[in-house]
Amino acid sequence: MRAGRATATPTRLTSDQLCASAADLGALLADVVDGGSSLGFLAPLDRAAAADWWRGLAPAVADGRLAVWAARDAGRVTGTVSVGFVDKPNGRHRAEILKLMVHSSARGQGLARTLLATAEQAAADAGVTLLILDTETGSPAESLYRAEGWTAAGVIPDYAADPAGVLHPTTLFFKKVGLL
């Protein structure tokens with residue numbers, strides 16, 4: 001049961017804003033990983049290392065290969081999502097949803113849906129017609145994507161390790177966007 005609706009409005013970050021928010025984004029990443037979400041990191045995740053990871057994305061944000069949104073509540077980053085754009089000539093019509101995260105204290109309020117919708121709309125506005133993503137099979141995120149109209153393309157066994165290092169299958173999803 002939902003505790004309420006998300007009130008935070010996601011803001012697209014410039015590369016400078018990303019660097020300025022790196023500590024807050026790192027704290028969010030550490031919270032989500034330490035809570036068991038498979039995002040490519042092992043637990044416990046050091047907040048300083050997580051902040052450094054975010055800072056490392058600044059060049060991709062600066063040159064438009066990556067778009068990052070952050071949602072804040074009372075000045076604290078409570079959620080984020082990114083879109084990775086393809087720069088190859090034969091793939092400019094597609095992009096990938098990356099690192100959709102909601103802080104453990106902000107879950108159940110619709111923020112993940114808001115972040116996902118923001119990323120989908122921005123991708124469509126940029127001319128993208130096909131979005132892809134992957135998520136741990138059986139995770140709450142998988143249920144979210146199915147509920148939001150994403151189509152499962154298949155499952156890859158033992159694709160990624162969870163924060164404890166245990167291998168899990170991953171479901172690949174796609175969604176057509178920006179089409180009339």
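These are my notebook entries on a predicted model, arranged by the feature I looked up.

**Entry 1. The sheet**

I began with the strands. The model has an open sheet of seven strands, and I read their order as β1-β2-β3-β4-β5-β7-β6, with mixed pairing. β1 (11-13) and β6 (151-161) stand at the edges with a single partner strand each, so one side of each has no neighbour in the sheet. I noted an average twist of 30° from one strand to the next.

I then looked at one pair of strands. β3 (residues 76-85) and β4 are antiparallel and pair over six bridges. In this part of the sheet I found G79 opposite V102 of β4.

Next I checked what lies over the sheet. Helix α2 (residues 22-34) lies across β1, β2 (66-73), β3 and β4, and runs at about 90° to β3.

**Entry 2. Helix α6**

Which residues of α6 are buried? I listed E142, L144 and Y145. Looking down the axis of α6, I saw the buried residues fall within an arc of 160°, so they line one face of the helix. P140 and A147 are exposed on the other side of α6.

I also looked up what the buried residues of α6 pack against: the partners are β4 (94-102), α5 (111-125), β5 (130-136) and β7. Just after the helix, G149 has a positive phi of about 90°.

**Entry 3. Aromatic pairs**

I counted four aromatic pairs in the structure. For W53 and W54 the ring centres are 4.9 Å apart and the planes stand at 80°; the pair is edge-to-face because that angle is over 60 degrees. The two residues are not alike in burial. W53 has 26% relative accessibility and so counts as partly exposed, whereas W54, at 0%, counts as buried. F41 joins W53 and W54 in one aromatic cluster.

The other pair I looked up is Y145 with F173. Their rings are 6.0 Å apart centre to centre with 55° between the planes, which makes the pair tilted. Why does this pair tie together parts that are apart in sequence? Y145 lies in helix α6 (residues 140-147) and F173 in strand β7 (residues 167-176), so the pair links parts 28 residues apart in sequence. Both Y145 and F173 are buried.

**Entry 4. Nonpolar cores**

The largest nonpolar core has 25 residues, and I97, L131, Y145 and W150 touch the most other members. Y145 therefore turns up here as well as in the tilted pair with F173. At least two residues of this core come from each of β2, β3, β4, α5, β5 and α6. α5 gives the largest share, six residues.

I followed the contacts of I97, leaving aside its neighbours within four places in sequence. The list is V81, S82, V83, L116, A119, L131, I132, L133 and W150. L131 and W150 are on it, and I had already noted both among the residues that touch the most other core members.

I also found a second, separate core of 24 residues, with W54, V61, L66 and V68 among its members. W54 is the buried residue from the edge-to-face pair in Entry 3.

**Entry 5. Backbone exceptions**

I kept the backbone for last. Most residues other than glycine have a negative phi, and most peptide bonds are trans. I looked for departures from this.

Which residues does a cis peptide bond join? It joins A43 and P44, with omega at about -5°. P44 sits in the loop between α2 and α3 (47-55).

A74 is not a glycine, yet its phi is positive, about 55°. I placed A74 in the loop between β2 and β3. Is A74 buried or exposed? Its relative accessible area is 81%, and the cut-off for exposed is over 50%, so A74 is exposed.

K99 is another residue other than glycine with a positive phi, near 50°. K99 is in strand β4. At 24% relative accessibility, K99 counts as partly exposed.

Key
Residues are numbered from 1 along each chain as its sequence is written. This is a predicted model: local features need pLDDT of at least 70, side-chain atom pairs count only at pLDDT 80 or more; totals for chains, interfaces and linings use all residues. Side-chain values use heavy atoms; hydrogens and water are left out. Rings of Phe, Tyr and Trp (its six-membered ring) pair if their centres lie within 6.5 Å; planes under 30 degrees apart count as stacked, over 60 as edge-to-face and the rest as tilted. Buried means under 20% relative accessible area, exposed over 50%, partly exposed in between (1.4 Å probe, protein chains only). Helices (H or I, at least four residues) and strands (E, at least two) are DSSP runs, numbered from the N terminus. The arc is that of the directions from the helix axis to the C-beta atoms. Contact means heavy atoms within 4.5 Å. Two strands pair if DSSP finds at least two bridges between them. Axes are lines fitted to C-alpha atoms, for helices over the stretch in contact, and angles run from 0 to 180 degrees between N-to-C directions. A nonpolar core is a set of buried Ala, Val, Leu, Ile, Met, Phe, Trp, Tyr and Cys residues joined through side-chain atoms within 4.5 Å.
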